[in-house]
Amino acid sequence: MDFPSRFDVIVIGGGHAGTEAALAAARMGVKTLLLTHNVETLGQMSCNPAIGGIGKSHLVKEIDALGGAMAMATDKGGIQFRVLNSRKGPAVRATRAQADRVLYKAAIRETLENQQNLWIFQQAADDLIVENEQVRGVVTQMGLRFLADNVVLTTGTFLGGLIHIGLQNYSGGRAGDPPSIALAKRLRELPLRVGRLKTGTPPRIDGRSVDFSVMTEQPGDTPTPVMSFRGSLADHPAQVSCWITHTNARTHEIIRNNLDRSPMYSGVIEGVGPRYCPSIEDKIHRFADKDQHQVFLEPEGLTTHELYPNGISTSLPFDVQLEIVRSIRGMENAHIVRPGYAIEYDFFDPRDLKHSLETKVIGGLFFAGQINGTTGYEEAGAQGLLAGINAARRAQELDAWTPRRDEAYIGVLVDDLISMGTQEPYRMFTSRAEYRLILREDNADLRLTEQGRQLGLIDDAHWAAFCAKREAIEQEQQRLKTSWVQPNTPVGEAISQRYGTPLSHEYNLQDLLRRPEIDYASLAELTNSPVVDAQVAEQVEIQTKYAGYIDRQQEEIDRLRRSESVSLPANLDYSAISGLSKEIQAKLSQARPQTLGQASRIPGVTPAAVSLLLIHLKKRS
Ligand code: FAD
């Protein structure tokens, strides 16, 4: 087979953003090249081998709903699954899986290697070919030229990567990998705003040197959750436990005594670190009153003894790392397999991007993942998918696909980034979404798979399974509406007894399910209902129980959309509108939008602010 030199889309980088970007473009039928440093590191987890968590699983499930690989690879590699916030409402419930990093990577690679229209090539991209503000291709380290009018850059922490351990530092993309220096230099020549961020990782521990008997065991959840809408328990390998221990006064003293040897506190590191994943030295400094911090010992895989001690990310010198680790209960004799470190890298201000993730200044050049100032595999994967879709659509001469904030967390993520930029590594939370009750992790497929099919991302088997699920939900809802329970019948009595509330008259099952004390599983059992698929049952239960809230949120979305054309008076005094932040007041005063729709598209003007504007206009009229 001839190796082609011209492609429709070239993706640079085989991390979480790059693999989803390449898969999406190829699934849409365009000729795609994935160019990466090392084929062995395709889908590599640079830090914690875990996928999901609050806000993040929402992204993973959206990627899955659009045919992406992350959730399925998590099911194939997941060795401990839990549902976080399981006692809270469905909007904030989140699935998290600890993964065997080898199995995860293998699953991603297998998906890539079996994807039609996708070529994989191991080479560093050193240069971009740009003509008249339009990207035309890529030049590799060996001097090979690959041509494409659409290039997606997903270089993660590699651009100008500088690894710090104590006061020593050296160039690297992450431990064991080379940095991207030539490409970083080339990118700095383009008219794009660039900055430095940093992130860090803890030392890894040999499990054979740990005393688990003094730690608290944390098994996975039963029943075991599944990450992908297309996954099943049969995909999961063996399941294992994590272990919990704590730092203590001695640990904190060691850290305090050595802060002058920390690259962060001695001013060697300039980049800003992730607020929600702070290093242990940061935690001791910021929360000085706390006398202990939790440390989760998480297995890195089924075929290794290595453990990831979640909670003690550090860039202190190695001798201090060893002291810290050995001061912690159960780790007194611990052997460190790999030292912890911090890494500083270039990122580009996402305000220089369009909603499609194409740069504003170079046609066809897209950025996705950590390069845009985000942190996390899930945030990277979601952006990769979107950039891959839009690179393919551009190649097909179609308009960009840009999901709105009320349609997907992917929409929230991109809108936040391109409208507000970021001064620190950005991670997703459910609190960032205004319409949390609509954007749940459990309904990501119902929200997005149909759009995915139209975009050309969903194959026939996936589509058929989705349609069958959607139909089964409708049928079950219909059955609940039309199944009646009479008082003073054996079933009616059983229900009264079980839930402690007598039935005053006849009820249909839907009305009964709306009651807070009644859950779907026990109601189905008491009424001898036909068994339905677990995903169908979950959907029916949530949609029934939260119908009032969901409808109200949907009405708000519809109302805002309808009011797009409402005029804003030219002399409107934004500073007099209470509830609007000073920043938004200033933006509106300066831009003077003519309609609410225009106001809503001003970077940084949130749907909540648009709602306030609408209320204000109504009061005036
Ligand atoms: P990456 O996964 O970094 O992938 C980049 C890919 O691009 C790699 O395959 C690389 O080889 C390739 N590449 C780079 N330059 C070139 C080039 N010129 N030519 C060809 N290929 C190239 N996230 C968290 O959420 N929490 C954390 O605590 C956390 N800690 C971290 C600690 C460390 C030390 C590191 C390195 C990362 C950490 N992360 C953390 C971040 C997480 O790893 C990233 O968010 C995620 O991997 C980003 O995905 P990506 O696809 O953007 O980039």
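These exercises work through the fold of a predicted model.

**Exercise 1. Overall dimensions**

Determine whether the radius of gyration of the protein chain agrees or disagrees with that of a compact globule.

Solution.
- Step 1: The chain has 621 residues, and a compact globule of that length would have a radius of gyration near 25 Å.
- Step 2: The protein chain has 26 Å, which agrees with the globule value.
- Step 3: For the extent along the principal axes, the C-alpha trace spans about 80 × 65 × 65 Å.
- Step 4: Buried residues account for 47% of the 621 residues. Of the contacts between residues at least 6 apart in sequence, 73% join residues at least 24 apart.

**Exercise 2. The sheet with parallel pairing**

Give the strand order of the open sheet formed by 5 strands, and name its edge strands.

Solution.
- Step 1: The secondary structure to search comprises 20 helices and 23 strands.
- Step 2: The order in the open sheet is E6-E2-E1-E10-E21, with parallel pairing.
- Step 3: Strand E6 (118–122) and strand E21 (365–367) each pair on one side only, and these are the edge strands.
- Step 4: From one strand to the next, the twist averages 20°.
- Step 5: At the E6 edge, strand E2 (residues 32–36) runs parallel to E6 and is joined to it by 5 bridges. Leu35 stands opposite Phe121 in E6.

**Exercise 3. The nonpolar cores**

Find which helix gives the largest share of the largest nonpolar core, and state which strands that helix lies across.

Solution.
- Step 1: The largest nonpolar core has 105 residues, and Val9, Ile10, Ala21, Ala25, Val151, Val152 and Phe366 have the most contacts inside it.
- Step 2: Helix H9 (residues 377–395) supplies 10 residues, the largest share of this core.
- Step 3: H9 lies across strand E1 (9–12), strand E10 (151–153) and E21, and runs at about 155° to E1.
- Step 4: Leaving aside residues up to four places away in sequence, Ile10 touches Leu33, Leu35, Val138, Phe146, Ala148 and Val151.
- Step 5: Another core lies apart from the largest one; it has 22 residues, including Ile205, Tyr308, Leu316 and Ala334.

**Exercise 4. A hairpin**

State whether E7 and E8 pair in the parallel or antiparallel sense, and which residue of their hairpin takes a positive phi.

Solution.
- Step 1: Strand E7 (residues 125–131) pairs with strand E8 (residues 134–140) over 6 bridges, in the antiparallel sense.
- Step 2: Ala125 has Thr140 as its bridge partner in E8.
- Step 3: The hairpin has 2 residues between the strands, and Asn132 takes a positive phi near 45°.

Methods. Residues are numbered from 1 along each chain as its sequence is written. This is a predicted model: local features need pLDDT of at least 70, side-chain atom pairs count only at pLDDT 80 or more; totals for chains, interfaces and linings use all residues. Helices (H or I, at least four residues) and strands (E, at least two) are DSSP runs, numbered from the N terminus. The radius of gyration is taken over C-alpha atoms; the globule rule is 2.2 Å times the number of residues to the power 0.38. A residue is buried if 20 or more other C-beta atoms lie within 10 Å of its own, exposed if 12 or fewer, and partly exposed in between; C-beta atoms are placed from the backbone. Two residues are in contact if their C-beta atoms, placed from the backbone, lie within 7 Å. A nonpolar core is a set of buried Ala, Val, Leu, Ile, Met, Phe, Trp, Tyr and Cys residues joined through C-beta atoms within 7 Å. Two strands pair if DSSP finds at least two bridges between them. Axes are lines fitted to C-alpha atoms, for helices over the stretch in contact, and angles run from 0 to 180 degrees between N-to-C directions.
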